[in-house]
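Trainee: I should be grateful for a close look at one part of this structure, with its links to the rest of the chain set out in order.

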Amino acid sequence: MTEKGAMATKTHRRYPFSLHPVFLATVLGGAALAMTPAPADADFRICNTTPGRVGIAVGYKDDGGWATEGWWNVGPNSCETILRGELAARYYYIYAIDYDHGGEWAGEAFMCTQDQMFTIRGIDECVDRGYQRTGFFEIDTHEQTSWTVQLQDPALGGDGTGGE
(Lines give C-alpha, C1' and ligand atoms only; values in the text may rest on other atoms or scores of the structure.)
Protein backbone atom coordinates (compact mmCIF):
# COMPACT_ATOMS: atom_id res chain seq x y z
CA MET A 1 0.00 0.00 0.00
CA THR A 2 1.40 3.37 -0.99
CA GLU A 3 1.08 6.33 1.33
CA LYS A 4 1.75 9.85 0.10
CA GLY A 5 2.88 13.00 1.89
CA ALA A 6 1.66 16.52 2.51
CA MET A 7 3.22 19.88 3.36
CA ALA A 8 2.79 21.94 6.49
CA THR A 9 4.45 25.02 7.90
CA LYS A 10 6.11 25.06 11.28
CA THR A 11 6.45 28.52 12.76
CA HIS A 12 7.77 29.85 16.01
CA ARG A 13 5.22 31.78 18.00
CA ARG A 14 6.09 35.35 18.75
CA TYR A 15 6.37 36.07 22.43
CA PRO A 16 6.26 39.58 23.95
CA PHE A 17 9.95 39.70 24.90
CA SER A 18 11.64 37.69 22.15
CA LEU A 19 11.19 37.02 18.46
CA HIS A 20 11.71 33.58 17.00
CA PRO A 21 12.46 33.03 13.28
CA VAL A 22 9.85 31.51 11.02
CA PHE A 23 10.89 28.37 9.18
CA LEU A 24 9.35 25.60 7.16
CA ALA A 25 8.72 22.06 8.29
CA THR A 26 7.81 19.00 6.38
CA VAL A 27 5.07 16.50 6.85
CA LEU A 28 5.69 13.33 4.91
CA GLY A 29 3.51 10.26 4.70
CA GLY A 30 5.21 6.95 4.19
CA ALA A 31 5.02 3.30 5.06
CA ALA A 32 8.72 2.62 4.70
CA LEU A 33 10.05 4.98 7.36
CA ALA A 34 13.49 4.18 8.68
CA MET A 35 12.32 4.61 12.27
CA THR A 36 9.31 2.32 11.82
CA PRO A 37 10.20 -1.36 12.14
CA ALA A 38 7.16 -2.55 10.17
CA PRO A 39 4.32 -0.95 8.18
CA ALA A 40 1.38 0.26 10.26
CA ASP A 41 -1.59 -2.10 10.58
CA ALA A 42 -4.54 -0.01 9.36
CA ASP A 43 -3.92 2.88 11.76
CA PHE A 44 -3.34 6.64 11.62
CA ARG A 45 0.17 7.25 12.97
CA ILE A 46 2.35 10.29 13.58
CA CYS A 47 6.15 10.06 13.56
CA ASN A 48 8.22 12.85 15.09
CA THR A 49 11.69 13.05 13.52
CA THR A 50 12.66 16.21 15.41
CA PRO A 51 14.88 16.31 18.51
CA GLY A 52 12.04 17.78 20.60
CA ARG A 53 8.86 16.45 22.20
CA VAL A 54 5.72 17.15 20.15
CA GLY A 55 2.08 17.43 21.25
CA ILE A 56 -0.50 16.28 18.68
CA ALA A 57 -4.18 17.12 18.23
CA VAL A 58 -6.26 15.53 15.46
CA GLY A 59 -9.53 16.56 13.82
CA TYR A 60 -11.85 14.46 11.68
CA LYS A 61 -15.45 14.04 10.56
CA ASP A 62 -17.28 10.82 11.42
CA ASP A 63 -20.94 9.71 11.61
CA GLY A 64 -21.42 12.00 14.62
CA GLY A 65 -20.06 15.07 12.82
CA TRP A 66 -16.82 16.96 13.40
CA ALA A 67 -14.57 16.03 16.31
CA THR A 68 -11.17 17.04 17.64
CA GLU A 69 -9.05 15.07 20.09
CA GLY A 70 -5.77 15.70 21.87
CA TRP A 71 -3.17 15.53 23.25
CA TRP A 72 -0.83 12.76 22.25
CA ASN A 73 2.76 13.32 23.33
CA VAL A 74 5.29 11.99 20.82
CA GLY A 75 8.90 11.85 21.93
CA PRO A 76 11.88 12.76 19.77
CA ASN A 77 12.50 10.34 16.89
CA SER A 78 9.51 8.16 17.70
CA CYS A 79 6.04 7.29 16.39
CA GLU A 80 2.63 7.09 18.02
CA THR A 81 -0.63 5.52 16.82
CA ILE A 82 -3.22 8.29 17.00
CA LEU A 83 -6.30 6.45 15.70
CA ARG A 84 -6.53 2.65 15.67
CA GLY A 85 -8.17 0.60 12.94
CA GLU A 86 -9.01 1.32 9.33
CA LEU A 87 -9.44 4.97 8.49
CA ALA A 88 -13.06 6.02 8.19
CA ALA A 89 -12.46 9.29 6.33
CA ARG A 90 -10.30 10.57 3.49
CA TYR A 91 -9.28 13.81 5.21
CA TYR A 92 -7.78 14.21 8.67
CA TYR A 93 -6.50 17.39 10.28
CA ILE A 94 -3.43 17.81 12.46
CA TYR A 95 -2.15 20.48 14.80
CA ALA A 96 1.21 19.86 16.45
CA ILE A 97 3.31 21.90 18.84
CA ASP A 98 6.99 21.47 19.63
CA TYR A 99 7.13 21.59 23.42
CA ASP A 100 10.91 21.96 23.57
CA HIS A 101 11.59 24.51 20.79
CA GLY A 102 8.36 26.53 20.68
CA GLY A 103 7.37 25.88 17.06
CA GLU A 104 4.10 24.55 15.70
CA TRP A 105 2.67 22.80 12.66
CA ALA A 106 -0.59 24.59 11.87
CA GLY A 107 -2.90 25.36 8.99
CA GLU A 108 -6.04 27.11 7.84
CA ALA A 109 -8.69 24.56 8.95
CA PHE A 110 -9.90 26.01 12.25
CA MET A 111 -11.15 23.63 14.93
CA CYS A 112 -11.55 23.60 18.71
CA THR A 113 -8.85 22.63 21.23
CA GLN A 114 -8.05 23.13 24.88
CA ASP A 115 -4.87 22.95 26.94
CA GLN A 116 -5.71 19.69 28.74
CA MET A 117 -6.58 16.30 27.22
CA PHE A 118 -9.83 16.63 25.25
CA THR A 119 -12.45 15.23 22.91
CA ILE A 120 -14.58 18.04 21.50
CA ARG A 121 -17.60 17.61 19.23
CA GLY A 122 -18.22 20.36 16.70
CA ILE A 123 -15.88 22.96 15.21
CA ASP A 124 -18.09 26.06 15.35
CA GLU A 125 -18.11 28.81 17.99
CA CYS A 126 -15.05 27.41 19.78
CA VAL A 127 -14.38 30.50 21.90
CA ASP A 128 -18.06 30.94 22.82
CA ARG A 129 -18.06 27.33 24.07
CA GLY A 130 -14.95 27.89 26.22
CA TYR A 131 -12.36 26.37 23.83
CA GLN A 132 -9.50 27.73 21.77
CA ARG A 133 -9.83 28.20 18.00
CA THR A 134 -6.78 26.49 16.49
CA GLY A 135 -5.62 26.18 12.87
CA PHE A 136 -5.07 22.59 11.73
CA PHE A 137 -3.46 21.43 8.47
CA GLU A 138 -5.17 18.94 6.20
CA ILE A 139 -3.94 15.42 5.43
CA ASP A 140 -5.42 13.77 2.33
CA THR A 141 -5.12 10.01 2.83
CA HIS A 142 -6.38 9.30 -0.70
CA GLU A 143 -8.86 6.87 0.88
CA GLN A 144 -6.15 4.49 2.06
CA THR A 145 -6.98 2.29 5.05
CA SER A 146 -3.87 3.35 7.01
CA TRP A 147 -1.62 6.40 6.99
CA THR A 148 1.59 7.62 8.62
CA VAL A 149 2.49 11.30 8.91
CA GLN A 150 6.14 12.21 9.46
CA LEU A 151 6.86 15.56 11.12
CA GLN A 152 10.24 16.99 10.12
CA ASP A 153 12.07 20.25 10.62
CA PRO A 154 14.18 21.19 7.57
CA ALA A 155 16.13 23.71 9.66
CA LEU A 156 17.56 20.69 11.47
CA GLY A 157 18.63 18.77 8.37
CA GLY A 158 15.45 18.03 6.39
CA ASP A 159 15.08 19.17 2.77
CA GLY A 160 11.75 20.97 3.25
CA THR A 161 9.87 18.97 0.61
CA GLY A 162 7.01 16.50 0.69
CA GLY A 163 7.22 13.12 -0.95
CA GLU A 164 5.98 9.57 -1.20
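The discussion that follows concerns one strand and the contacts that surround it.

Trainee: Could you examine strand S3, residues 44-48, and then follow its links into the rest of the chain?

Mentor: The model is a predicted one, and each value below is computed from it. Strand S3 spans residues 44-48, and Arg45 lies in it. Three of its residues, Phe44, Arg45 and Cys47, give a way into the wider structure.

Phe44 is a suitable start. Among the residues with the most contacts inside the largest nonpolar core are Phe44 and Ile46, together with Ile56, Ile82, Ile94 and Leu151. That core has 22 residues. Strand S3 is one of the elements that give two or more residues to it, the others being strand S4 (54-62), strand S5 (65-74), S6, strand S7 (91-98), S11 and strand S12 (147-152). Strand S4 gives the most, with four residues. When residues up to four places away in sequence are not counted, Phe44 touches Val58, Glu80, Thr81, Ile82, Leu83, Leu87, Tyr92, Ile94, Ile139, Trp147 and Val149. Two of these partners, Ile82 and Ile94, are again named with the most contacts inside the core. A second, separate core has 10 residues, including Ala57, Trp71, Tyr93 and Phe118.

Arg45 presents another situation. Arg45 is buried, yet it has no salt bridge. Asp43 offers the nearest side chain of opposite charge, at 5.8 Å, whereas the cut-off for a salt bridge is 4 Å. What the side chain of Arg45 does have is a polar contact of 3.2 Å with the side chain of Thr81. Thr81 is also among the residues that Phe44 touches.

Cys47 adds a covalent link. A disulfide is a covalent bond between the sulfur atoms of two cysteines. Cys47 is joined in this way to Cys79, with an S to S distance of 2.0 Å. The angle about the S-S bond is 105°, and the link is right-handed. Because Cys47 lies in strand S3 and Cys79 in strand S6 (residues 78-83), the pair ties together parts that are 32 residues apart in sequence. Cys47 has a relative accessibility of 0% and therefore counts as buried.

A search of the whole structure finds two disulfides. The other is formed by Cys112 and Cys126, whose sulfur atoms are also 2.0 Å apart. Here the angle about the S-S bond is -85°, and the link is left-handed. Cys112 lies in strand S9 (residues 109-113) and Cys126 in the loop between strand S10 (118-121) and strand S11 (132-140), so this pair ties together parts that are 14 residues apart in sequence. Both cysteines, Cys112 and Cys126, are buried. With bonded cysteines counted along the chain, the disulfides follow the pattern 1-2, 3-4.

Cys112 leads in turn to Ile120, since it is named among the contacts of that residue. Ile120 lies in strand S10 and, at 2% relative accessibility, counts as buried. Its C-alpha atom is separated by 5.6 Å from that of Ala67, although the two residues are 53 residues apart along the chain. Beyond residues up to four places away in sequence, Ile120 touches Trp66, Ala67, Thr68, Cys112, Thr113, Gln114, Arg129 and Tyr131.

Arg45 has no salt bridge, but the structure contains three. Arg53 forms one with Asp100, the closest N and O atoms being 2.8 Å apart. Arg53 is in the loop between S3 and S4, and Asp100 is in the loop between S7 and strand S8 (103-106), 47 residues apart. Arg53 is partly exposed at 43% relative accessibility, and Asp100 is partly exposed at 38%. Arg121 and Asp62 meet in another salt bridge, 2.8 Å from N to O. This pair links strand S10 to strand S4, with the two positions 59 residues apart in sequence terms. Asp140 and Arg90 form a further salt bridge, with closest N and O atoms 2.6 Å apart. Asp140 is in strand S11 and Arg90 in the loop between S6 and S7, 50 residues apart. In this pair, Asp140 is buried, with a relative accessible area of 18%, whereas Arg90 is partly exposed, with 31%.

Conventions
Residues numbered from 1 in each chain as written. Predicted model: local features only at pLDDT ≥ 70, side-chain atom pairs only at ≥ 80, totals over all residues. Heavy atoms only, no water. Buried < 20%, exposed > 50% of the residue type's maximum accessible area, 1.4 Å probe, protein only. Lys, Arg positive; Asp, Glu negative; His and termini not counted. Polar contact = N/O pair within 3.5 Å; in protein donor to acceptor, adjacent residues only side chain to side chain. Disulfide = S-S within 2.5 Å. Core = buried A, V, L, I, M, F, W, Y, C linked by side-chain atoms within 4.5 Å. Contact = heavy atoms within 4.5 Å.
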